[in-house]
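Q: I'm new to this structure and would love a close look at one part of it. Could you walk me through the salt bridges and the residues that form them?

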Amino acid sequence: MKNKLAILYCAYGKKYLSEALDFASRTRKCINRDVKLILDTDQNLNEKDTQISPFDYVNTSKNFDKFKTTDLKYGCKIQSMIDFCKHEDFDRFLFLDTDAYIVNSKALEVFDLLDHYDIAMSHANIRHSNRTPQKTFENMDPLVPSCFPEFNTGVIFFKKNCVDFLQEWLNLYMSSSIIQVHDQPSLRRLAYFTDLRVATLPEEYNFRNNPKTLSKWHTLYIHHHRCR
């Protein structure tokens with residue numbers, strides 16, 4: 001049976017909606033197979049946005065309401081991934097931050113990698129995102145060895161059987177049982193202990209810097225970078 005594929009952007013707030021429309025339009029140009037482009041947002045698209053929208057489906061979400069009174073804003077996107085895992089129309093997903101987009105259509109081959117793995121991500125540039133009192137980035141989780149770094153959460157390929165894993169991630173992120181600023185430390189701990197098959201993608205599938213700095217031996221597939 002053919003897998004039903006989806007690329008998911010989550011945009012909460014007008015600023016991020018505008019960014020998602022821009023970057024998803026770039027992604028749309030590189031989709032060369034049957035993949036639906038989905039937007040989960042708390043915003044109502046105006047007539048102009050609707051006309052230029054590259055999305056096949058826009059879901060008006062209430063997820064932001066659950067997290068807006070906390071400092072744990074990344075819970076919105078995790079909840080969105082959980083919600084769409086339960087959607088019968090899709091089997092495999094690519095979550096992209098609003099400042100990420102596909103540069104090369106071969107990036108979609110990672111969907112086929114999920115024949116053998118459950119989830120695929122790239123390591124974060126900063127191996128440990130939480131700062132110590134000395135303002136250094138060090139491992140602050142006693143349960144995970146330093147040699148197991150964080151994964152960046154802005155580009156995640158995953159199958160719908162990851163729904164329980166995603167729920168555990170959200171629960172741990174929202175708890176006080178781990179020292180964290182971002183959503184990556186909680187994901188790191190779960191990835192270390194999970195029985196799911198986790199594939200580690202090279203940096204060109206989630207490149208955080210200027211493309212000119214990418215090795216000449218590599219091809220850029222997904223760029224994840226906000227111009228400042």
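A: A useful cut-off to begin with: a residue counts as buried when its relative accessible area is under 20%, as exposed when over 50%, and as partly exposed in between. Please keep in mind that this is a predicted model.

The structure holds eleven salt bridges. Let's start with the one in which the side chains of glutamate 19 and arginine 226 meet, at 2.7 Å from N to O. This pair links distant parts of the chain, since glutamate 19 sits in helix α1 (residues 14–28) and arginine 226 in the segment after β9 (222–224), 207 residues apart. Glutamate 19 counts as buried because its relative accessibility is 12%, whereas arginine 226, at 25%, is partly exposed.

Arginine 226 also meets the side chain of aspartate 99 in a salt bridge, here at 3.7 Å from N to O. Again distant parts are linked: aspartate 99 belongs to the loop between β4 (92–96) and β5 (100–102), 127 residues from arginine 226. Aspartate 99 is buried, with a relative accessible area of 5%.

Another salt bridge brings together the side chains of aspartate 141 and arginine 189, at 2.9 Å from N to O. Aspartate 141 lies in the loop between β6 and β7 and arginine 189 in helix α7 (residues 184–193), so this pair ties together parts that are 48 residues apart in sequence. Both partners are buried: aspartate 141 has a relative accessible area of 6%, and arginine 189 is at 13%.

Finally, back to the earlier residues: through salt bridges that share partners, Glu19, Asp99 and Arg226 are joined into one network.

Conventions
Residues are numbered from 1 along each chain as its sequence is written. This is a predicted model: local features need pLDDT of at least 70, side-chain atom pairs count only at pLDDT 80 or more; totals for chains, interfaces and linings use all residues. Side-chain values use heavy atoms; hydrogens and water are left out. A salt bridge is a side-chain nitrogen of Lys or Arg within 4 Å of a carboxyl oxygen of Asp or Glu. Helices (H or I, at least four residues) and strands (E, at least two) are DSSP runs, numbered from the N terminus. Buried means under 20% relative accessible area, exposed over 50%, partly exposed in between (1.4 Å probe, protein chains only).
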